Amino acid sequence: MSISDTSLSKKYASISESAAAQAKLYANKLENAPDYAEQAAASAAAAESSAQMAINAEMIVNNLVISASESATSASASAAEAGNAAAAAVSQCVRVPEGESIAVLPSHEERSNSFLTFGPSGDVQTLEKSKVAVTGDDGKIPGSMIPSMAISETYVVNSLAEMLALNANVGDVAKRADLGVSFILSQEPSSSESNWVQLNDDVLNQLAQSDGASLIGFNSETLFEVAGRVDKKLNGSYTFSSGGALQDKKDFIYSDDLKCWFYWSGAFPKTVDAGTNPYSTGGIGSGAWIPVSEVSLSPQLSFGGTKYYNKGAFSPGVVIYTKNDVVTDPSTGWFYSYLGTIPHTISSGDIIDVNWKALGNMNGYPYNHIQNWTNTIVTTEVALTAAFNTGLEVDVTGASVSTAADYTAPSGARGLYGRGSITLGGNFRLQSFDFPTLTTFSQPASAGHSEVYLDGVDHTGSYVVIDNGYPFCIDEAEKPSTPADSIDGIALTKNLNGYQSQFIQITEIIGHTTANKAILAQPLVVNQVSGTAKYGFASGNLTSFKIRDGVTMKSSNNTMRRFMLLAQIKPEVIGCIFHNIHVEMRYYCYSGRFERNRLTGNVPESMFSFATSSSVCSVKDNFCSTLGLNDSTIGFYRQVCYVNCVGNIVNDPLISTAYTNDHWGIMFHSMVYHSLMADNVVTARAGITSQFFCDEVIITGNKVSSFLITASYNNNVTYNGNDFSYISDMILQGNSKFTSKGNQYRIRGGATTNCISIISGAKPFGMAGFKVINSSDHEFCADDFMATVRNTFVNPKTLMLDPTTAGTNSVFPLNNSHMNNQTGGLSVYDARVASVRVNSCNFTDLNYGVNCYKNNSAVSATYLDISDSSFNTDVGVCLRGISSASFYTGQIRTCIFLGTFGAINANTNGYALISSSFRGLGMSAILVASNITYAFGLTMSSDCSVAGSILTGFKWYDFNGYQSSYDRTVTYSKASTLPGGYWWYAPDENLGISANIPYEYTKGATSSGGVLLRKALTVTQVV
């Protein structure tokens, strides 16, 4: 059944529904139809006798009406019944308007199996039931009432014969591969060629055929040329070579140079002169020439996501039409793009200048990758310079390149990164910033301040170099023309009343005050005197250079090379590997970072240095391993400040036979100020150090294993919480202020030395121009002094001579010889030292705790204060002097002694031992090893306590000396007044003259007398 048949069925069903409605209407108005009254009465009688039939008839009509309004399908299903009822009703009660008549209904035979309808004239006519679609019991139209439908199919054939042989139906398509066109079957049979009609698609396929160009009036050409000719058929008869007047966008014009069609997107008409090109007649872009296809048929290069067109070698006659046209430079092998006005024709005599941008090899590596620039034509040095000139950090990932000579990176170079290697055949250095012309300060500025008046101009963001204007003390002392002993080596830079050495500081200006002062990122280190101090602003190459993320830099042939970051602003070396490379941040560097690097070396040079008037540096978490053939592995020296050297590991030899001088793992040297050395782990011959005019330096939390340690000529240095382990000793010399807190000083392996030795001062560096610098203040608090092995004790009594005359100094061993093969905690040997304070320290497994030996009358006295400390040593404190001088003042207070002797009085004068405890059985509190008439120089207070007794061999005083020289008479004038009284001794008891001769002491003695107690061996009697 066709779609039109279905529509017609719906139409007749609708007519039937209308007829049913009219039948009901006429039945209700039969009283108004007198011509049919008799028939109506008969019908009423019949309805009366057969009510069910009438009701059913009326219900059928009503149901038909309802069903018809709800569903066309249901109306169709009941149309037959509605038609029968309508026929019966119409045959008896149909009325027409007054003046009209209706023909007699067809006979019973003609009406059977049909629907009653009205024709065009309004007369009644019938519609055969078979012509109306009626649903079955399943609510669907039977398939027998639906005609078959044709479905189009597509066939691919290679010839006419194959097409005519198809079993095809009307609407089927045959695609002729041999012709590049398609045919559709318009009527059967398919074996007739005339029944197949050609379609109009596949135009490009037709053009692609061997004779395709002929279809549009041209000879056979390539597909691309055919496509171009198709474009030209769109009214494209113009060329830039011949010119023309274009009237609208359909006027296409062809460029032989660019091998492309264009249309004009600007105002019309558009006149094009002959011999021109798109660039010379308006340019390419919106409102100008629009290309229809690719602009160039030159070989394409894809680089960085952009297409470039290779125009060949840089030579005369080459025309550059676009920014993406490139040429090659035969001298480098690199591609270049043109930055100037285009189009541009290369002329004879032209060179690649600033108007050309180097793009490198364009070999698939990123623009900034070193392998985009290295090739067989250029040297590595040339390639590096080109890579740096990209303005980006240079990627060396996966690369391995070598330089042959010294190399200097260009100004503006930003750095290197990536896991690749560079082998240096010479030194590698960066362009420095320009050192400024200096201007004299007009207003003074004090150390520790961050606000300073320069010129009243806001210089925020600039970098300022500040020179306090004095000569550098080390340089001056080294000059032959400098008078001997003329320079105070201490040179406290904050003390303007004395000598002030030069200090150059560079810092950043981070703000400007309302008082027109510059705000510095770091406070001034030294005072700036108006008229003397100077300042200036760094200029030139201020680009921060960074080398990071796995770059390996090594030297060729195991020869030391230098990576020189000189006069750099914020240089960074992070996460790299160096072998036999000395990384230098020197000469006015500012705010450097050297972190997480690995350094190895077997040549005589430092691995890293931050030096020479440089400020602010973080040296953190690096690992270093060398043969120790240089002064230091990590070094900071010569006027540097604000350094943090934290968490580094240095693994160098403890003893190196190839290097005779001291080698420090980490070194602060020659005016390092306001700096921190913390939490480093160092193994090196001389460990770590701070020396030569360092100030405000803190060395804390380091773990050091070494042969020896030194700290000398510091202005102010603090060692805090370090762990030192060494074979020799830690030598302190010429320090103005040395503070030690919570450190552990440990002698290893039974060495015969001291934990710390304070020695005589000297001229720094041995330079004649310096004055001798002696040591000043030393403070040791909560430190541990120990030896891993306790050596056999040599009792000094066995070394004493038996003097035959009074007043000699030969009773106690000379030249510190009592320390031979012995260990000591803290030693002062013939040194001019102003003060030594020892508080809350522990001395363990040593032969001597504190040993002070002075045998030179020219050496001044030392204030020695020892308090709250414990001595688990053979001798607690040994004080050696000479009869003609008083070398020690101070006291020993509240200390605990274990061992053989608490203290040794060897020609000591005016020293006290107060409130201390002696807990060794059989020990002696004080060994008197003196040969002076007045032998009470070391006197005890009476509140000292003992653990032993005379029965166990304990002696308050043990005497050794020439007995005839002593006056045994007890008088107040022979002793110093001490808190809690003082103790005497009677030498006879100690000398063993008579076992029962008592010794005497007084308690609470005063100048007016006191209580005199006489004590026998077992009985104490008050007299």
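**Exercise 1. Find the bridge partner of Phe871 in strand β69, then place strand β67 among its neighbours.**

Step 1. Start with one pair: Phe871 has Phe897 as its bridge partner in β69. Strands here are DSSP runs of E with at least two residues, helices are runs of H or I with at least four, and both are numbered from the N terminus. Keep in mind that this is a predicted model, where local features need pLDDT of at least 70, side-chain atom pairs count only at pLDDT 80 or more, and totals for chains, interfaces and linings use all residues. Residues are numbered from 1 along each chain as its sequence is written, and side-chain values use heavy atoms, with hydrogens and water left out.

Step 2. Widen the view to whole strands, which pair if DSSP finds at least two bridges between them. β67 (residues 870–880) and β69 (residues 896–898) are parallel and share three bridges. Strand β65 (residues 842–853) also runs parallel to β67, with nine bridges, and β70 (residues 901–906) does so with five.

Step 3. Follow Leu879. Its partner in β70 is Asn905, while Cys852 has Leu879 as its bridge partner in β67.

Step 4. Check the cover. Nine of the 11 residues of β67 are buried, where buried means under 20% relative accessible area, exposed over 50% and partly exposed in between (1.4 Å probe, protein chains only).

**Exercise 2. Describe the surroundings of Asp874.**

Step 1. Locate Asp874: this residue sits in strand β67. Is Asp874 buried or exposed? With a relative accessible area of 11%, Asp874 is buried.

Step 2. Look for a polar partner. The side chains of Asp874 and Asn847 make a polar contact of 2.9 Å. Such a contact is a pair of N or O atoms within 3.5 Å; within protein, one must be able to donate a hydrogen and the other to accept it, and residues adjacent in sequence count only if both atoms are side-chain atoms.

Step 3. Add the other contacts (heavy atoms within 4.5 Å). Leaving aside neighbours within four places in sequence, Asp874 touches residues including Arg790, Phe793, Leu846 and Phe901.

**Exercise 3. Work out how helix α10 is covered and what it gives to the core.**

Step 1. Count the cover: seven of the nine residues of α10 (residues 380–388) are buried. Among them are Ala383, Leu384 and Phe388.

Step 2. Name what covers them. The list includes β20 (394–395), β21 (400–402) and β25 (428–429).

Step 3. Turn to the largest nonpolar core, with 137 residues, in which Leu416, Phe563, Phe578, Phe608 and Phe636 touch the most other members. α10 gives the most to this core, with five residues. A nonpolar core is a set of buried Ala, Val, Leu, Ile, Met, Phe, Trp, Tyr and Cys residues joined through side-chain atoms within 4.5 Å.

Step 4. Zoom in on Phe563: not counting residues up to four places away in sequence, Phe563 touches residues including Phe428, Phe545, Met553 and Phe578. Another core lies apart, with 28 residues, among them Cys473 and Phe692.

**Exercise 4. Explain why Cys624 forms no disulfide.**

Step 1. Recall the rule: a disulfide is a pair of cysteine sulfur atoms within 2.5 Å.

Step 2. Compare. The closest cysteine sulfur to that of Cys624 is in Cys645, 8.7 Å away, so the two are too far apart for a bond.

Step 3. Finish the tally: by this rule there are zero disulfides.
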